[in-house]
Amino acid sequence: MGDRKRSAAIIAEEVPTRMKPSNDPEPFAGRMKKREKKLLGDFFGLKDFGENLTTPAPGEESALMHAHCRQDEMILVLEGEPTLVTETNVTVLAPGMCVGFPAGGDAHHLVNRTRQDVENLEIGDRTAGDEATYPRDDFHAVLGEEGRWQFTRKDGTPYPGSGATD
């Protein structure tokens, strides 16, 4: 899908949902097994930044708590009331609210603690050499060549099947 070049306007909901809810290895992927992610940036063939329409089901996480060393990120809540969890704060968000995370900033993720789906737009750049740290998990990710994430434990031991893009 990433090789396509599209310029026509579309309805974001009509972009196919990624087949795997998460490319993170187990045991982490199971925490997002009911998350839907539509890779809007990939659909249009964007290379410098990504946009994802993400819908974590009730009880699900949008992603593992993480921070990027080189990538800026922004989240815009479109529907529902997800809970933003950082290392130092917990904030319930509402539709229309947004939050930004500069590279090297706070570790963060959204958790759907409600009984309804939430929907948010995630926007981030695709800076080469980015690394993601995960303060609550034995997990580390490095954005390798060709835009593929390489997943390891914090000691550098690779996870089986590491190398998918998320």
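Two strands count as paired if DSSP finds at least two bridges between them, and strands themselves are DSSP runs of E with at least two residues, while helices are runs of H or I with at least four residues, both numbered from the N terminus. The model on your screen is predicted, so local features need pLDDT of at least 70 and side-chain atom pairs count only at pLDDT 80 or more, whereas totals for chains, interfaces and linings use all residues. Residues are numbered from 1 along each chain as its sequence is written, and side-chain values use heavy atoms, with hydrogens and water left out.

**The whole chain**

Begin with the whole protein in a cartoon view, where you can look for one helix and 12 strands. Followed from the N terminus, the elements run β-α-β-β-β-β-β-β-β-β-β-β-β. The radius of gyration, taken over C-alpha atoms and compared with a globule rule of 2.2 Å times the number of residues to the power 0.38, is 15 Å, close to the 15 Å that the rule gives for 166 residues, so the protein is as compact as a globular protein of that length. If you turn the model along its principal axes, the C-alpha trace spans about 40 × 40 × 25 Å.

Next, colour the protein by burial, where buried means under 20% relative accessible area, exposed over 50% and partly exposed in between, using a 1.4 Å probe and protein chains only. Buried residues make up 43% of the 166 residues. With contact meaning heavy atoms within 4.5 Å, residues 24 or more positions apart account for 61% of the contacts that have a separation of 6 or more.

**The open sheet**

Now select β3, β10, β11 and β12, which form an open sheet of four strands in the order β3-β10-β11-β12, with antiparallel pairing. Its edge strands are β3 (67–68) and β12 (149–152), each of which pairs on one side only. To look at one pairing in detail, keep β11 (residues 140–143) and β12, which run antiparallel and are joined by four bridges. Within this pair, V142 in β11 has Q150 in β12 as its bridge partner.

**Strand β5 and its partners**

Move on to β5 (residues 83–86), and show its side chains: T83 and V85 point one way, L84 and T86 point the other way, and all are buried. Add β6 (residues 90–92), which runs antiparallel to β5 and is joined to it by three bridges. The two strands form a hairpin with three residues between them, and V85 stands opposite V90 in β6.

Then add β8 (residues 108–111), which also runs antiparallel to β5, this time with four bridges between the two. Here you can select T86, whose bridge partner in β8 is H108.

Which residues does T83 touch, not counting those up to four places away in sequence? Select T83 in β5 and you will find V90, T91, V92, H109, L110, V111 and R113. T83 is buried, with a relative accessible area of 5%.

**A last stop before β1**

Finally, select R35, which lies in the segment before β1 (36–39). Is R35 buried or exposed? At 3% relative accessibility, R35 counts as buried. Add P56 to the selection and compare the C-alpha atoms of the two residues, which are separated by 4.2 Å although R35 and P56 are 21 residues apart along the chain.
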